[in-house]
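Biologist: I am still learning to read protein structures, and I would like a close look at a single part. Could you take me slowly through how the helices pack in one of the domains, and then show me where that part sits in the whole?

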Amino acid sequence: MYGDGPAIERCRVTAYTIPTDGPEADGTYHWEATTLVLVEVDAAGQTGMGYTYADVATAQLIKGLLVPVVRGRNACDIPGASQAMMRAIRNLGRPGIASMAISAVDVAMWDLKARLLDVALVTLLGAAHERVPIYGSGGFTTYSPQHVQAQLGDWVREGIPRVKMKIGTHPEADVARVAAARAVIGSADLYVDANGAYDRKQALAQAAAFADLGVVWFEEPVSSDDLDGLRLIRDRAPTGMHIAAGEYGYDLWYFARMLAAGAVDVLQADATRCAGITGFLGAAKLAEAHHLPLSAHCAPTIHAHVACSIPQLWPIEYFSDHVRIERMLFDGALLPVDGALWPDRSRPGLGCTFKHADAARYHVWGDDP
Ligand SMILES: [Mg+2]
């Protein structure tokens, strides 16, 4: 029925909740733990791994609705599986949990397909670059200015010449916090992310002040739901300051609307939210059609491979929260070299295996451990 390729035999779903190493917050959200939803698919003696950072309900949805439509399908026919999954969640609505669920399965299938072909995922996708420049991302609003200085300064000293900090929880203190960061990072590129915390006039005033501190990236200065507002800030921001958004894009129509509105200078997409590698490649094509670069949001282990295949690539996010988890739980997680991630083409798939024994203490849902 599904051709001659190997069939997907099993699909395991588990969830792990990992406490952060301290309270973390951005301009509009606070968290003290992060949940990783893991999907493992088996075919012909190989196992593919995918994941998303999402609520445990995502794992339940995968097991209940997506595993039944994926099991038995040709492991290599990812577009067919993608379509079947989208039909399976039609009545739930595509954005949010449903799309994150699809994302985890899609990534697992891409990892599996590369493993079945015994090539790295970047080789399967085809590379435009041999490495992906990264920016260190953290500087949470729960951190003192000294803590932000230490974290961002460490990245620069380690050879990552771009760093991002959170702003927006206490707008009146933001310019001083950004100035403190600038004081320790020398000439490194400085990015700020308000996570939609400012209103339009506030964002315009802050943009002028940040420009004096050499800020080159202003992410979500206003809510990403306010496309006209993003466009206003983009048009009036100082030369050299790039407006970025897109992390809440769960489907291609979201990115299409954001691009049509002229809302961003750099489009962001997250393969753990926007229907996996399949959706990420679609977002990249949409950005390309608008003559704009694409940057990846979070989950560096997945994005290192797929970002190498994007010609008009902007540096991708090396998010401290996820870096910590992926180094802890993935054997083979990439370490930065010269401010970039270099996928290892000698290892099949994503080049990683999940450390089940180490993860067992964080297990909150699923058949394992
Ligand atoms: Mg952001």
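Modeller: Let me begin with the cut-offs that the reasoning needs: an angle over 145 degrees between two helix axes counts as roughly antiparallel, and one under 35 degrees as roughly parallel, while 65 to 115 degrees is roughly perpendicular and the rest is oblique. Please keep in mind throughout that this is a predicted model.

The axes of helix 2 and helix 3 lie 11 Å apart and make an angle of about 165°, and therefore these two helices are roughly antiparallel to each other. Their crossing is right-handed. On the helix 2 side the contact is formed by Ile78, Ala81, Ser82, Met85 and Met86, and helix 3 answers with Ile102, Val105, Asp106, Met109, Trp110 and Lys113. Sorted by class, the residues of this contact are eight nonpolar, one polar and two charged.

Helix 3 also packs against helix 1, which covers residues 56–70, and here the axes come within 9 Å and cross at roughly 60°, so that helix 1 is oblique to helix 3. This crossing, too, is right-handed. Helix 1 contributes Ala57, Thr58, Leu61, Ile62, Leu66 and Val70, whereas helix 3 contributes Ile97, Ala98, Met100, Ala101, Ile102, Ala104 and Val105. The contact of helix 1 with helix 3 has twelve nonpolar residues, one polar residue and no charged ones. If you compare the lists, you will find Ile102 and Val105 of helix 3 both in the contact with helix 2 and in the contact with helix 1.

Now we can step back to the domains. The domain assignment gives domain 1 as 10–118 + 353–366 and domain 2 as 123–341, and their C-alpha centres are 23 Å apart. Their contact draws 36 residues from domain 1 and 35 residues from domain 2. Several elements each supply at least two residues of the side of domain 1 that touches domain 2, including strand 1, helix 2 and helix 3, and the largest share, nine residues, comes from helix 3. By class, that side of domain 1 holds 17 nonpolar, eleven polar and eight charged residues.

Finally, the protein as a whole has 13 helices and 15 strands. Its radius of gyration is 20 Å, close to the 21 Å that the globule rule gives for 369 residues, so the protein is as compact as a globular protein of that length. Along the principal axes, its C-alpha atoms fill a box of roughly 60 × 40 × 35 Å.

Notes
Residues are numbered from 1 along each chain as its sequence is written. This is a predicted model: local features need pLDDT of at least 70, side-chain atom pairs count only at pLDDT 80 or more; totals for chains, interfaces and linings use all residues. Domain bounds come from an automatic or database domain assignment. Two residues are in contact if their C-beta atoms, placed from the backbone, lie within 7 Å. Helices (H or I, at least four residues) and strands (E, at least two) are DSSP runs, numbered from the N terminus. Ala, Val, Leu, Ile, Met, Phe, Trp, Tyr, Cys and Pro count as nonpolar, Asp, Glu, Lys and Arg as charged, and the others, Gly among them, as polar. Axes are lines fitted to C-alpha atoms, for helices over the stretch in contact, and angles run from 0 to 180 degrees between N-to-C directions. A crossing is left-handed if the near helix is turned anticlockwise from the far one by less than a right angle, and right-handed if clockwise. The radius of gyration is taken over C-alpha atoms; the globule rule is 2.2 Å times the number of residues to the power 0.38.
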